[in-house]
Amino acid sequence: MKIGRTYIHEHIKLDLSGPKKDPDTNYDDTQGVIEELKELKKQGIDCIVDVTNRGMGRDARILSNVAKQTGLTIIASTGFYKEPFLPPYFYESSDAELFDMLVADVEKGMDGTGLKASVLGEVGSSHNAIKASEQRLFNLVADVHLYTGRPIFTHTTLGTMALDQIKILEKKGVDLTAVLIGHMDLNPDLDYHLRVAGKGCYLGFDTIGKTDYQPDASRVCLIKELVARGHENQIVLSLDLTRKSHLKKHGGIGYSYLVDTFLPLLEEAELKEETINKFLVDNPRKLLSIP
C-alpha cells in the first residue's frame, strides 16, 4: 500500500440526504469524482482516506473501482458517524454485536467484498454535546481500536467537544497518538488547539476551502502558530468534500483546491517545504501505519 501525499479525510460516495433533507448531500456523482481524482493524481497526490462508514452510504465496490480507475490508493474506514445518521441497527444491536461487525470490516472485508477497513472513523459528536448514543459509539470504537490497532478518526461538529472526545478515549486506555481529531480548523481558538495538541493527538485541518465556516487565512495562522510551538508532526490536511456542488463541474472548489490554492498560502506564510511535506506525507504515514 502506497501512502505518499495524502488527503486524510475525504468521501468518494456519501449519502446524508435523508436526515439533511437536501439532495445535494447525496454525493453520488461517482464519474465526476473519478474525473477530478485522475487530475489530482497527476498533481502528485497518491492517497485518499475515505472516512465514509456504516450509515453514511459507504460502498466498498465503488471505492475499489475508483482506486483502479484513478491509480490512487484509497484507504477505507468503518464505524458509525453521529446523531442523527446512525442506522437503526446501531440501536437494535448489542455492544458485542456491533463490535463483531466492525472487527469483521477490518479483518475480513466490507460489504461482501475483500476490501478491508484500515481506519475507525469518522466517529462523531454533536455541536457542543456528546449525546448518549455518541458516548456509546466512542466507547465501542475505543474497544475495536484496542483489539485491532487501527487508528481512530473523529468528527467534531464545528470543532467542538474535542477535549471531551479525548477524555472518553483516554479513559478507555487508547494511545492518543493513534487518534486524529477531525475538523479542528473549524474552531479558531488557538488555546483550544494547543490543549488538544498537548494530548498527543493529530489535528485535522480537513475542511480547507470551506470558507463559509472559517476563512483559509485563519487556518494558515493556526497552522503557523502550531508549528512555531512544536506541533508540526501532528497536523494533517484535507477538504472533506461531501456535496455534489463541491465538485468543479457543479461550480465547487473541487479536489485540487488544496494543491492549487491552499498549499501556496502556506508557502506565502513562509512555511518550509519540508514542513508542508510532513502534513501531507510523513504525518499521514505515521498515523496510518500504526499496527
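**Entry 1: Tyr-91**

I began with Tyr-91, which counts as partly exposed at a relative accessibility of 42%. I note at the outset that the structure is a predicted model. The value for Tyr-91 falls between the limits of 20% for buried and 50% for exposed, and therefore the intermediate class applies.

**Entry 2: Aromatic pairs**

I next looked up ring contacts, and a search of the whole structure returned five aromatic pairs. One of them joins Phe-80 and Phe-90 in an edge-to-face arrangement, with 5.1 Å from centre to centre and 65 degrees between the planes. I then placed the two residues: Phe-80 is in the loop between β6 (77–78) and α4 (88–92), whereas Phe-90 is in helix α4, so their pair ties together parts ten residues apart in sequence.

Are these two rings buried or exposed? I found Phe-80 buried, at a relative accessible area of 0%. Phe-90 is likewise buried, at 1%.

I followed Phe-90 to a further partner, Tyr-91: the ring centres are 5.6 Å apart and the planes stand at 90 degrees, so this pair is edge-to-face as well. The relevant cut-off is an angle over 60 degrees.

Which residues make up the aromatic cluster here? I recorded Phe-80, Tyr-89, Phe-90 and Tyr-91 as one cluster. Within this cluster, Phe-80 is buried, while Tyr-91 is partly exposed.

**Entry 3: A patch of negative charge**

I turned to charges on the surface. Glu-267, Glu-268, Glu-273 and Glu-274 gather there in a patch of negative charge. I checked which elements supply two or more residues to the patch, and these are α10 (257–268) and α11 (273–288).

I examined one member, Glu-273, in more detail. Glu-273 is found in helix α11 and is exposed, its relative accessible area being 63%. A patch admits residues with over 30% relative accessible area and no salt bridge, and the figure of 63% for Glu-273 is therefore consistent with the area limit.

**Entry 4: Arg-285**

I stayed with helix α11, which also holds Arg-285. Arg-285 counts as partly exposed, at 39% relative accessibility.

How far apart are Arg-285 and Phe-85 in sequence and in space? I noted a separation of 200 residues in sequence and 30 Å in space, taken from C-alpha to C-alpha.

Note on methods: Residues numbered from 1 in each chain as written. Predicted model: local features only at pLDDT ≥ 70, side-chain atom pairs only at ≥ 80, totals over all residues. Heavy atoms only, no water. Patch = residues over 30% accessible without salt bridge, like charges linked within 9 Å, V, L, I, M, F, W, Y side chains within 5 Å. Areas by Shrake-Rupley, 256 points an atom, 1.4 Å probe, with all protein chains shown as cover. Salt bridge = Lys/Arg side-chain N within 4 Å of Asp/Glu carboxyl O. Lys, Arg positive; Asp, Glu negative; His and termini not counted. Charge placed at Lys NZ, Arg CZ, Asp CG, Glu CD. Helix = DSSP H or I, 4+ residues; strand = E, 2+ residues; numbered from the N terminus. Buried < 20%, exposed > 50% of the residue type's maximum accessible area, 1.4 Å probe, protein only. Phe/Tyr/Trp six-rings, centres within 6.5 Å; stacked < 30°, edge-to-face > 60°.
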